[in-house]
Amino acid sequence: MDEHCWIDTPLGTMYLSIRDGALHEAGFVETWARPVLSPDGDDAEEELSSEAQLVRDAVAGYFEGDVEAIDEIEIRPEGTDFQLAVWQAIREVPAGRTVSYQDIARAVGKPSAYRAVGTATGRNPVGIAVPCHRIVRSDGGLGGYGGGLHRKEWFLEHERNSLGKQQNGHDS
């Protein structure tokens with residue numbers, strides 16, 4: 001069963017498509033590659049199943065400062081075997097850390113395929129749960145980001161700040 005919802009975030013409205021309790025697609029409404037239903041339009045947001053609500057709550061929790069909440073979200077994106085391997089490797093990068101496209105290429109057993117990793121990263125349909133904002137160029141530069149570099153910068157800063165508060169004993 002497909003369900004969808006929207007979350008207001010500090011970076012804009014995020015659209016979530018949840019299929020059988022797993023995140024299938026996620027992205028910011030204004031940067032989405034195809035039209036999505038508007039929360040203000042004719043298609044009002046339906047009541048979510050308990051499984052879909054858990055996904056929504058985890059994404060909301062991420063924006064509220066629990067940056068590790070997205071780690072447990074079950075995902076079900078569609079992609080090639082290579083893309084799925086890249087996205088899984090990206091999921092293993094801890095919050096607040098960054099690795100290079102080349103590091104991901106090595107992790108999937110294709111050390112010279114860093115450009116293909118960049119392409120797969122750019123096609124990530126579940127950007128929040130596959131945190132591609134944690135992937136940077138080998139020289140430490142941010143590289144690209146489909147949602148805009150201002151979002152990539154915000155995500156990285158948000159994770160560092162949130163983790164810093166948790167390590168100092170502050171849970172807010």
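I started with the order of elements: from the N terminus on, they run β-β-β-α-α-β-α-α-β-α. That makes 5 helices and 5 strands in the protein. Note to self: this is a predicted model.

**Overall numbers**

I looked up burial next. Of the 172 residues in the protein, 48% are buried. The accessible surface comes to about 9000 Å², and carbon and sulfur atoms hold 46% of it. I also checked how far apart along the chain the contacts reach. Among contacts with a separation of 6 or more, 59% are between residues 24 or more positions apart.

**The sheet**

How are the 3 strands of the open sheet ordered? I read S1-S2-S3, with antiparallel pairing. S1 and S3 are the edge strands, each pairing on one side only. On average, neighbouring strands here are turned by 20° against each other, direction ignored.

I then went through the pairs. S1 and S2 are antiparallel over 8 bridges, and Ile7 has Met14 in S2 as its bridge partner. S2 and S3 also run antiparallel, joined by 6 bridges. Met14 turns up again here, with Phe28 as its bridge partner in S3.

The S2–S3 connection is a hairpin with 2 residues between the strands. In that turn I found Asp20 with a positive phi of about 50°.

I checked S3 for cover as well. It is mostly covered, with 7 of its 7 residues buried.

**Helix H1**

H1 lies across S1, S2 and S3, and I get about 20° between H1 and S1. I tested its length against the ideal rise. H1 covers residues 50–63, so at 1.5 Å a residue its 14 residues should span 20 Å. The end C-alpha atoms are 20 Å apart, which agrees.

Which residues of H1 are buried? My list reads Ala52, Val55, Ala58, Val59, Ala60, Gly61, Tyr62 and Phe63.

**Just past H1**

Glu64 sits in the loop between H1 and H2. Buried or exposed, I asked of Glu64? Its relative accessible area is 64%, and the bar for exposed is over 50%, so Glu64 is exposed. I also took a distance to Pro10: 54 residues apart in sequence, Glu64 and Pro10 are 9.7 Å apart in space, C-alpha to C-alpha.

Gly65, just after H1, takes a positive phi of about 120°. Gly65 came up again when I looked at Ser162, a residue of helix H5 (residues 149–167). Ser162 has 9% relative accessibility, and buried means under 20%, so it counts as buried. Leaving aside neighbours within four places in sequence, Ser162 is in contact with Gly65 and Val67.

**The core**

In soluble globular proteins, nonpolar side chains tend to be buried together. So I looked for the largest nonpolar core here, and it has 41 residues. Leu16, Leu23, Phe63, Ile73 and Ile128 have the most contacts inside it. Strands S1 (2–9), S2 (12–19) and S3 (22–28) each give two or more residues, and so do H1, H2 (81–91), H3 (101–107), H4 (114–122) and H5. H1 gives the most, with 6 residues.

I followed Ile128 further. Not counting residues up to four places away in sequence, Ile128 touches Met14, Leu23, Ala26, Val59, Tyr62, Phe63, Ile70 and Phe155. Met14 is the residue already noted as bridge partner of Ile7, and Val59, Tyr62 and Phe63 are among the buried residues of H1.

**Ala129**

Last stop: Ala129, in the loop between H4 and strand S5 (135–136). What does its 2% relative accessibility make of Ala129? Buried, because the cut-off is under 20%.

Ala129 and Ile73 are 56 residues apart along the chain, yet their C-alpha atoms are separated by 6.7 Å. Ile73 is also on its contact list: leaving aside neighbours within four places in sequence, Ala129 is in contact with Leu23, Ile70, Ile73, Ile75 and Arg91. I note that Leu23 and Ile70 are also on the list for Ile128.

Technical notes:
Residues numbered from 1 in each chain as written. Predicted model: local features only at pLDDT ≥ 70, side-chain atom pairs only at ≥ 80, totals over all residues. Heavy atoms only, no water. Helix = DSSP H or I, 4+ residues; strand = E, 2+ residues; numbered from the N terminus. Expected span 1.5 Å × (residues − 1). Buried < 20%, exposed > 50% of the residue type's maximum accessible area, 1.4 Å probe, protein only. Contact = heavy atoms within 4.5 Å. Core = buried A, V, L, I, M, F, W, Y, C linked by side-chain atoms within 4.5 Å. Areas by Shrake-Rupley, 256 points an atom, 1.4 Å probe, with all protein chains shown as cover. Pairing = 2+ DSSP bridges. Axes fitted to C-alpha atoms, helices over the stretch in contact; angles between N-to-C directions.
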